[in-house]
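Here are some short exercises on one protein and its ligand. Try each task before reading its solution.

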Amino acid sequence: MTTLAIEVSGLTKQYDNLTAVKGATFSVPRGIICGFVGPNGAGKTTTIRMLLGLISPTSGSARVLGESVSDPEKYLAYVGALIEGPAFYPALSGSENLRVLATMGGFPINRVEELITLVGLGGRGGDKYKTYSLGMKQRLGIAAALLPNPALLILDEPTNGLDPEGIQEVRDLLKKLASEGTTVFVSSHLLSEIEIISEHLVMLRKGEVVFAGPIEELLLNQKPMIIVRTEREEDLQKVTELAIADGHRASIRSGEAHIEGPHEWAATLNKKAFAAGITLAQLTPTLPNLEETFFEMTGGK
Ligand code: ADP
């Protein structure tokens, strides 16, 4: 048995004159939660659809649980997926909806109540679907994806549109599933929504993989930064120009200049700003958080 849940090499999907996924290469080990992140339109859903055999790659290859995506029938029985908002009958209860799906899919009906409890809908399984919160609806969708008792769970944006409580509920559920041995591949356009639970990340930007690996490796990529605020906001641009003239990358975000550079350089910047008649209101050496590192790598979109 391969130790990789997903193995993708040079995967490409061309639509007319748009390359939605360009030569993507990455792998996902078994037994972990892997976040699949990138701005909207980066190619996440397209990649997931190829992994599930719903569309064919233009070129390149992908294996899921050791089997090629050109033979999806060999692995789909072991994969649970939630790719579009789950479609359930509003007037049926959560349990009834799952029973319908179990019957249609030929899965054991007696798993339904177990799954309702597993996803934390224990007391509400008998309530109509239309009375559920968004977080509960998403968790029922995950329960449906778990009907085949999958080795790999692939979820496309399961936290999209959820309130912070709903996001937390989905995160807790995914952690629980991973702790029980399910590999989870979960996409999001917001790194902050999944970084806490992901051990591994694959980042896409405009169809290309910009990072794939353990989250600690991404942390090693973090470059020290200096955050600057000026007394007069119009001076911020001048500060970034001073930094760039000295060979540092700099940008303005939310009324602050973000300058890449060693912390010692903060004193130099302070002197240069003073000489240019600029009063600094804040000068803070820091390490970027993952979200900022992600912004740097994915082009700030
Ligand atoms: P993400 O899931 O990261 O938001 P998608 O994979 O949905 O990104 O889309 C990637 C790009 O491919 C987008 O520019 C999208 O408009 C385009 N795209 C997706 N599906 C199709 C399709 N069936 N035909 C043409 N273009 C498509």
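**Exercise 1. The shell around the ligand**

Which elements each supply at least two residues of the shell around the ligand?

Solution. This is a predicted model.

Step 1. List the neighbours. A residue counts here if one of its heavy atoms lies within 4 Å of the ligand. The ligand is surrounded by Tyr-15, Leu-18, Ala-20, Pro-39, Asn-40, Gly-41, Ala-42, Gly-43, Lys-44, Thr-45 and Thr-46.

Step 2. Match them to the elements. β2 spans 18-29 and α1 spans 44-51, and each of the two supplies at least two residues of the shell.

Step 3. Find the main contributor. The largest share, three residues, comes from α1.

Step 4. Sort by class. The shell has five nonpolar, five polar and one charged residues.

**Exercise 2. Polar contacts of the ligand**

Find the residues that place polar atoms by oxygen atoms of the ligand, and say whether backbone or side chain is used.

Solution. The cut-off for a polar contact is 3.5 Å between N or O atoms.

Step 1. Take the backbone. A polar backbone atom of Ala-42 is 3.1 Å from a ligand oxygen.

Step 2. Take the side chains. Lys-44 has a polar side-chain atom 2.8 Å from an oxygen of the ligand. For Thr-45, an N or O atom of the side chain is 2.7 Å from a ligand oxygen.

Step 3. Add the cover. On its own, the ligand has 560 Å² of accessible area, and the protein covers 59% of that.

**Exercise 3. The four-stranded sheet**

In what order do the four strands of the open sheet lie?

Solution.

Step 1. Read the order. The strands run β2-β1-β4-β5, with antiparallel pairing. Strands of a sheet pair through backbone hydrogen bonds.

Step 2. Mark the edges. β2 and β5 (67-68) pair on one side only.

Step 3. Look at one pair. β4, residues 59-64, joins β5 over two bridges in the antiparallel sense. Val-64 stands opposite Glu-67 in β5.

Step 4. Place the helix. α1 lies across β1 (4-15), β2 and β4. Its direction is at about 115° to β1.

**Exercise 4. A hairpin**

How many residues lie between the strands in the hairpin of β12 and β13?

Solution.

Step 1. Pair the strands. β12 (residues 250-253) and β13 (residues 256-260) are antiparallel, over four bridges.

Step 2. Find facing residues. Arg-253 stands opposite Glu-256 in β13.

Step 3. Count the link. Two residues lie between the strands. In this hairpin, Ser-254 takes a positive phi near 50°.

Definitions and conventions
Residues are numbered from 1 along each chain as its sequence is written. This is a predicted model: local features need pLDDT of at least 70, side-chain atom pairs count only at pLDDT 80 or more; totals for chains, interfaces and linings use all residues. Side-chain values use heavy atoms; hydrogens and water are left out. A polar contact is a pair of N or O atoms within 3.5 Å; within protein, one must be able to donate a hydrogen and the other to accept it, and residues adjacent in sequence count only if both atoms are side-chain atoms. Accessible areas come from the Shrake-Rupley method with a 1.4 Å probe; for residues, only the protein chains shown count as cover. Ala, Val, Leu, Ile, Met, Phe, Trp, Tyr, Cys and Pro count as nonpolar, Asp, Glu, Lys and Arg as charged, and the others, Gly among them, as polar. Two strands pair if DSSP finds at least two bridges between them. Contact means heavy atoms within 4.5 Å. Axes are lines fitted to C-alpha atoms, for helices over the stretch in contact, and angles run from 0 to 180 degrees between N-to-C directions.
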